[in-house]
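Colleague: Got a minute to walk me through this one? I'd like to go from the overall picture down to single residues.

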Amino acid sequence: MLQGFFLLISMNIDYICTMLENKNESRTSLSELGEFKLIEHLTKGAGIHHESTLKGVGDDCAVINSGESLTVVTTDLLIEGIHFDLSYMPLKHLGYKAVMVNLSDVYAMNANAKQITVSIAVSNRFTLEALEELYAGIHLACEMYKVDLVGGDTTSSNKGLMISITALGEVEAEKCVYRRGAQPNDLLVVTGDLGAAYLGLQVLERERQVFEANPNAQHELDNYTYLVERQLKPEARKDIVRLFGDLGLVPTSMIDISDGLSSEVLHLCKESEVGCSVYENKIPLDQQVISTCEEFNLDSTTVALSGGEDYELLFTISQADFDKVKGNPNFTVIGHMTEKEEGVHLITRAGEKVEMIAQGWNSLKD
């Protein structure tokens, strides 16, 4: 027994010595990669062992053949201080938003959300009443979107709150939409309007700083109600999936807009192996977004391209389906797909062609 003990110590010493010898080797910072390149790097060796796994990593959801239909699965992890600030995010709103983040991914596959599981880690500064508020938001989301809460886990945390939700949905095989599938000359279409959620965050951050400087100061949010609501209580676009069915429309590719329009366009182009031209003057902006950008001295196009958390849907359709979306207030055609060799560009209001790059939020940035 002692012999085994000393062998174990020797192995640990060898490991520590090796680590010390390599301490001066170059190290790659995670912020250099960003979230998506990190995922791609860590999962590039992951194989598929079951025929029922139709799509693994690389889309809004994994897709599993469950027999008569397809099951889509997605999960997101939200961490206090990284993804949300409880100084202005009410716990009930946080619970609701955490569900929306996942349902949006399900709808981006043209699927119907069915179930969720919820796992949380909490520190001892949270009371039972606080968690009841969090779950009140989760239950409200489940009721509004007719989704079943079917399980999860709870554990302790050394600091703050973490919440992870997994969502499951269902879609007929012929209606499932992936990020791949767009073809040159397809039209690029977006739902709703963009940029409001990011500006809502800027307004709330400003109010937090005002409060910290003067706790008795009056909050001035009346002029920003739409922006703040888009940040604190977004709605996933379940209605669009239903509308697709009513219109007899199946997009050729689709993604939800969580990290900014530019990032999502690039994802579609990469997965579909096409290029794209996006027209600046076609990007839909709410009037409150335009006026608040002027107030904050921000460029509204940059906000729409890089702001994120809009949870709208970005999709492509063949030109033959244009009449199905033409004139519909839910949809705006903002560009078209091109040959891959032509690249991905923003066509400015002045007619200039500018290469589009992803400048959305990076949770791994130092």
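**From the whole fold to single residues**

Modeller: Sure, and a good way in is the contacts: among those between residues at least 6 apart in sequence, 84% join residues at least 24 apart. Keep in mind that this is a predicted model.

Colleague: How many helices and strands does the secondary structure come to?

Modeller: Both kinds of element are there, and I'll call them H and S with a number as we go. The tally for the protein is 11 helices and 13 strands.

Colleague: And what share of the residues is buried?

Modeller: The cut-off for buried is under 20% relative accessible area. The protein has 366 residues, and the buried part of them is 43%.

Colleague: What about the exposed surface, how much of it do carbon and sulfur atoms supply?

Modeller: The protein exposes about 19,600 Å². Of that area, the share from carbon and sulfur is 51%.

Colleague: Let's do the open sheet of seven strands. Which strands stand at its edges?

Modeller: The pairing is mixed, and the order reads S8-S10-S7-S11-S9-S12-S13. Two strands have a single partner strand each, so one side of each is left without a neighbour in the sheet. Those edge strands are S8 (253–257) and S13 (353–355).

Colleague: By how much are neighbouring strands of this sheet turned against each other on average?

Modeller: Ignore direction here and take the average over neighbouring strands of the sheet. The turn comes to 25°.

Colleague: Which residue in S10 is the bridge partner of Leu-187?

Modeller: Strand S7 covers residues 187–191 and S10 covers 312–317; the two run antiparallel, joined by four bridges. Leu-187 pairs in S10 with Ile-317.

Colleague: Which helix lies across S7, S8, S10 and S11?

Modeller: Look for a helix at residues 238–247. Against S11 (331–338) the angle is about 75°. The helix is H7.

Colleague: Over to H3. How many of its residues are buried?

Modeller: H3 spans residues 91–107 and reaches 25 Å from its first C-alpha to its last, close to the 24 Å expected. The helix is largely enclosed by the rest of the structure, because the buried count is 15 of the 17 residues.

Colleague: Now the hairpin of S2 and S3. Which residue there takes a positive phi near 115°?

Modeller: S2 (residues 62–65) and S3 (residues 70–79) are antiparallel and share four bridges. Asn-65 stands opposite Leu-70, and four residues lie between the strands. The residue with that phi is Gly-67.

Colleague: Gly-169 caught my eye. How far apart in space are Gly-169 and Val-73?

Modeller: Gly-169 sits in strand S6 (residues 161–171) and counts as buried at 4% relative accessibility. Its contacts include Leu-70, Val-106 and Asn-112. In sequence, Gly-169 and Val-73 are 96 residues apart, but C-alpha to C-alpha the distance is 6.6 Å.

Colleague: Is Thr-292 buried or exposed?

Modeller: Thr-292 belongs to helix H9 (residues 287–296). Setting aside residues up to four places away in sequence, Thr-292 touches Leu-199, Tyr-224 and Leu-227. With a relative accessible area of 1%, Thr-292 is buried.

Colleague: How many disulfides does the count come to?

Modeller: A disulfide needs cysteine sulfur atoms within 2.5 Å. The count comes to zero.

Colleague: Then how far from Cys-269 is the nearest cysteine sulfur?

Modeller: Cys-269 is buried, at 4% relative accessibility. The nearest cysteine sulfur belongs to Cys-276, and Cys-269 is in no disulfide; the distance is 4.7 Å.

Colleague: Last stop, the backbone. Asn-297 has a positive phi; is Asn-297 buried or exposed?

Modeller: Most residues other than glycine have a negative phi. Asn-297 has phi near 55° and lies in the loop between H9 and H10 (300–306). At a relative accessible area of 71%, Asn-297 is exposed.

Colleague: And Tyr-311, buried or exposed?

Modeller: Tyr-311 also has a positive phi, near 55°. Tyr-311 is in the loop between H10 and S10. Its relative accessible area is 6%, so Tyr-311 is buried.

Key
Residues are numbered from 1 along each chain as its sequence is written. This is a predicted model: local features need pLDDT of at least 70, side-chain atom pairs count only at pLDDT 80 or more; totals for chains, interfaces and linings use all residues. Side-chain values use heavy atoms; hydrogens and water are left out. Two strands pair if DSSP finds at least two bridges between them. Axes are lines fitted to C-alpha atoms, for helices over the stretch in contact, and angles run from 0 to 180 degrees between N-to-C directions. Contact means heavy atoms within 4.5 Å. Buried means under 20% relative accessible area, exposed over 50%, partly exposed in between (1.4 Å probe, protein chains only). The expected span of a helix is 1.5 Å times one less than its number of residues. Accessible areas come from the Shrake-Rupley method with a 1.4 Å probe; for residues, only the protein chains shown count as cover.
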